[in-house]
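Colleague: I am new to this structure and would like a close look at one part of it, the surroundings of a single histidine and the strands around it. Please set that part in the context of the chain.

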Amino acid sequence: MLQMTGARVQSLSVCAKPRFPEGTLQTGDSSLGQAVAESMRLCCLFVLLLAAAVPAVFATCKSEDFSCGGFVNHCIPRFWRCDGQVDCENGSDEQDCPSRTCSRHEFRCDDGKCIAAVFLCDLDRDCLDGSDERHCPPPTCGPAHFHCNSSACIPMLWACDGDSDCDDGSDEWPQNCGGHNTSAAWLWHHPCKALQFHCRSGECIHFGWRCDGSADCRDKSDEENCAVPTCQPDEFQCSDGTCIHGSQQCDREYDCNDRSDELGCINMTVCEGPYKFKCHSGECIPVGEVCNSVQDCQDWSDEPLKECGTNECLDNKGGCSHVCHDLKIGYECLCPKGFRLVDQLRCEDIDECQDPDTCSQLCVNVEGSYKCVCEEGFQMDLLSKSCKAEGGIAYLFFTNLHEVRKMTLDRSEYSSLIPNLKDVVALDVEVARNRVYWSDSSLKKIFSTQIDGEPTSSYNTIISEDLQAPDGLAVDWVHSNIYWTDSMLGTVSVADTSGMKRKTLFKKEGSKLRAIVVDPVHGFMYWTDWGTPAEIKKGGLNGVDIHSLVTENIQWPNGITLDLSSGRLYWVDSKLHTISSINVNGGNRKTILEDKEKLAHPFSLAVFEDKVFWTDLINEAIFSANRLTGSDINLMAENLLAPEDIVLFHNLTQPRGVNWCEKTTLPNGGCQFLCLPAPQIGLHSPRFTCACPDGMLLAEDRKSCLTDTNPAVTTRGPTMAGSTVAISELTTSKLGPHQAWDNATHKGDQERPRSMGMLYIVLPIALLTLLCFGTFLLWKNWRLKSINSINFDNPVYQKTTEDEVHICHSQEGYTYPSASVDTRVSFCSATADQDEISVF
């Protein structure tokens with residue numbers, strides 16, 4: 001018996017010294033005995049080697065794993081067993097596999113795969129061999145659908161609406177629309193309803209949309225010849241641009257032609273609960289007591305003689321735009337499905353497209369309803385109403401500690417893409433060039449390789465220096481740049497895909513930057529920060545206009561991705577165990593899924609069609625769910641080692657864009673170093689800006705780079721100007737040209753307020769002094785005009801003392817009284833208009 005602990009042999013009785021019965025081995029048999037002993041020693045050596053080899057072959061596989069067997073030390077997850085893909089080198093994982101049996105809710109393709117039965121004969125290839133669309137009978141449309149001449153079915157609401165929805169346009173043929181021509185020319189001769197504006201292109205829109213600053217007509221005729229508002233401060237401006245007196249607003253009378261003066265008014269006299277009628281005298285009574293020939297209101301307002309028994313709806317529906325409902329006193333207007341009452345008479349269409357989950361991709365609001373439309377390259381599934389991608393097969397690429405794996409969404413193909421890695425963390429792809437990029441947290445490098453369909457161990461090193469924790473990675477497939485985050489350095493950096501040109505765009509001490517995603521079509525990037533405070537930031541791909549997008553109800557944001565078709569961001573929060581979404585401007589936020597089990601520790605996510613896929617470190621698995629509702633949670637893969645990042649590989653996930661850096665007469669946009677796309681914030685935003693490496697400044701031509709010769713300074717807070725980048729606490733020795741330039745400007749701005757503060761103190765004092773001095777001069781001038789003074793030396797008396805003589809002015813002129821030496825004389829006649837003259 002063989003007993004082992006680890007690789008150590010405790011007892012090996014089979015190798016014990018052989019014993020022979022006495023007398024059975026004679027002297028002549030000594031050679032035979034020696035041969036037997038030698039054979040036993042060889043047997044013991046073989047058994048020892050086998051005992052040492054067995055643990056190396058079998059002991060490393062977990063109970064839930066499958067061992068390939070033999071002397072190959074290779075363990076694979078058990079769910080790889082019989083998946084149609086050879087994972088063991090000896091092919092043992094695909095041997096003796098039973099035939100798969102599809103459930104009663106599934107359809108078996110000719111290649112043996114199973115798909116949902118609802119995908120059978122839905123005009124969309126769901127089986128890889130297309131067997132689900134073979135031998136299909138012509139589809140039978142339901143009563144609420146229109147049967148296109150091409151055999152497709154569309155909702156009846158879409159027929160004869162002026163927009164071709166059938167592939168052959170048969171839903172707009174005159175013979176299918178009662179002989180009517182649904183073109184814009186036909187619609188032009190049919191005037192719109194009251195309170196509607198008739199576009200020149202034929203459609204009707206609400207009159208309140210006329211001249212509201214947003215084009216609603218296809219030809220934009222609703223925004224032409226709009227009057228400039230000229231209302232006075234005490235006037236109310238109607239939606240059509242006219243003006244009425246302010247007192248006419250909310251007076252329960254329509255004074256504006258579009259009745260906008262009574263919109264949004266609060267009626268404080270509405271009775272609620274069982275009392276539905278409010279008397280003019282103030283009390284509320286049940287509606288059943290109205291018009292019963294009994295006084296229930298103090299002022300008899302419940303028994304009006306003219307209104308009781310009168311049906312106002314018989315006269316032009318009471319002015320209601322749709323439905324008029326007669327009441328005991330008066331009437332009320334009602335709206336059909338898809339409309340709502342915006343005032344007491346008019347029904348307004350409900351815009352269902354305001355809800356981002358109404359449609360899979362694009363939503364077109366129509367009167368009383370809406371229409372879902374797919375982006376180019378997608379096709380509408382007539383049953384699920386979801387947009388399904390056309391073209392190639394979509395793959396999920398995800399990291400698994402020591403490798404990158406790929407898997408089709410239906411798991412019909414599951415294999416290792418890049419094996420034998422160290423510790424792969426972040427991942428992204430460049431579909432057009434068929435390349436994959438990843439970062440290794442152990443080697444602290446960023447790599448890239450070409451995808452040729454077979455597992456490869458040959459790859460290129462893109463970034464090999466100044467990396468600490470490259471947790472996030474994103475590829476700009478339009479301008480051939482890569483962006484990455486470093487949670488240890490708190491930076492966002494950019495480099496070209498060759499790694500030759502590199503620059504730091506953002507730095508913030510104390511931040512914990514994680515995932516990053518880019519939108520090169522519009523020039524923006526987004527990243528998560530689980531530092532304090534946790535947030536999601538948005539900025540231009542050239543580092544400008546960086547600001548916080550999500551700051552509330554967020555604790556541990558990890559993975560982030562962007563659905564370009566819907567213009568929404570998706571992220572996972574490992575602390576809140578949620579998947580959330582928001583539009584790219586920070587509005588219309590929604591929590592898609594909250595699950596502490598399936599979202600125990602979500603790390604990354606990807607979206608495609610109507611699905612969201614995410615990795616979970618605690619579950620060591622990959623899940624999927626409906627990205628609109630959070631329902632239909634499915635397990636995609638399990639028993640993984642460390643599934644961190646996940647991306648989706650399909651040509652529709654990276655639409656083509658214009659590289660304006662290559663559209664100029666000069667290569668690289670004329671930039672000496674990096675040419676980075678600028679965010680398209682407005683109509684006049686630049687297409688790109690030039691950037692210089694860290695430690696250099698952008699020259700005055702804004703294209704070439706200069707060496708920064710200024711001493712290292714530290715700035716606090718972000719700076720942005722031109723192609724500047726947001727930098728926080730970054731020295732100029734590591735700054736790009738624009739950062740250093742802005743730091744110098746910012747430093748000047750800091751010194752300028754000090755001098756301005758001193759000026760604000762000195763200037764008032766100086767002004768006050770000048771004012772006082774000017775006042776004194778004015779007073780002195782007035783005094784001199786009102787007092788005449790004559791100074792002279794007395795030649796007769798040779799006076800040595802000062803005599804003061806007051807010479808009074810009378811009607812006859814000046815008079816001089818007699819004077820004596822050392823005598824002060826003052827003789828003044830009391831006249832009303834005398835002037836006093838002081839003589840010294």
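**From the chain to one loop**

Modeller: Among contacts in the chain between residues at least 6 apart in sequence, 37% join residues at least 24 apart. The model is a predicted one. Its chain has three helices and 55 strands. Of its 840 residues, 40% count as buried. The chain exposes about 46500 Å², and carbon and sulfur atoms supply 54% of that area.

The histidine is H479, in the loop between strand 30 (472-476) and strand 31 (481-486). H479 counts as buried because its relative accessible area is 11%, and the cut-off for buried is under 20%. Its side chain makes a polar contact with the side chain of D476, at 2.9 Å. Leaving out residues up to four places away in sequence, H479 touches P520, V658, N659, W660 and P677.

One of these, P677, leads to strand 47 (residues 674-677), where L674 and L676 lie on one side and C675 and P677 on the other. All four residues are buried, and both faces of the strand are covered. Strand 47 pairs with strand 48 (residues 688-691) in the antiparallel sense, over four bridges. Within strand 48, F688 is the bridge partner of P677.

L676 takes the description on to the largest nonpolar core. That core has 25 residues, and Y483, V492, I516, M525, W527 and L676 touch the most other members. Strand 47 and strand 48 are among the elements that give two or more residues to this core, together with strand 32 (491-496), strand 33 (502-507), strand 34 (513-519) and strand 35 (524-529). V492 can serve as an example of the packing. Apart from its neighbours within four places in sequence, V492 is in contact with W484, T485, T504, L505, F506, L513, I516, M525 and W527. There is also a second, separate core of 16 residues, which includes I418, L427, V429 and F649.

Charged pairs complete the context. A search of the whole structure finds ten salt bridges. In one of them, E403 and R405 have their closest N and O atoms 2.6 Å apart. E403 counts as buried because its relative accessibility is 14%, and R405 is buried too, with a relative accessible area of 5%.

R627 takes part in a salt bridge with D563, where the closest N and O atoms are 3.5 Å apart. This pair links distant parts of the chain: D563 is in strand 38 (residues 557-563), R627 is in the loop between strand 44 (621-626) and strand 45 (634-637), and 64 residues separate them. Both D563 and R627 are buried.

The side chain of R627 also meets that of D610 in a salt bridge, at 3.7 Å from N to O. Here too the pair links distant parts of the chain, with D610 in the loop between strand 42 (602-608) and strand 43 (611-616), 17 residues from R627. D610 is buried at a relative accessible area of 12%, while the value for R627 is 2%. Elsewhere, salt bridges that share partners join K508, E535 and K537 into one network.

To return to the starting point, H479 is a buried residue that touches P677. P677 lies in strand 47, and that strand gives two or more residues to the largest nonpolar core.

How values were computed. Residues are numbered from 1 along each chain as its sequence is written. This is a predicted model: local features need pLDDT of at least 70, side-chain atom pairs count only at pLDDT 80 or more; totals for chains, interfaces and linings use all residues. Side-chain values use heavy atoms; hydrogens and water are left out. Buried means under 20% relative accessible area, exposed over 50%, partly exposed in between (1.4 Å probe, protein chains only). Two strands pair if DSSP finds at least two bridges between them. A salt bridge is a side-chain nitrogen of Lys or Arg within 4 Å of a carboxyl oxygen of Asp or Glu. Contact means heavy atoms within 4.5 Å. Accessible areas come from the Shrake-Rupley method with a 1.4 Å probe; for residues, only the protein chains shown count as cover. A polar contact is a pair of N or O atoms within 3.5 Å; within protein, one must be able to donate a hydrogen and the other to accept it, and residues adjacent in sequence count only if both atoms are side-chain atoms. A nonpolar core is a set of buried Ala, Val, Leu, Ile, Met, Phe, Trp, Tyr and Cys residues joined through side-chain atoms within 4.5 Å.
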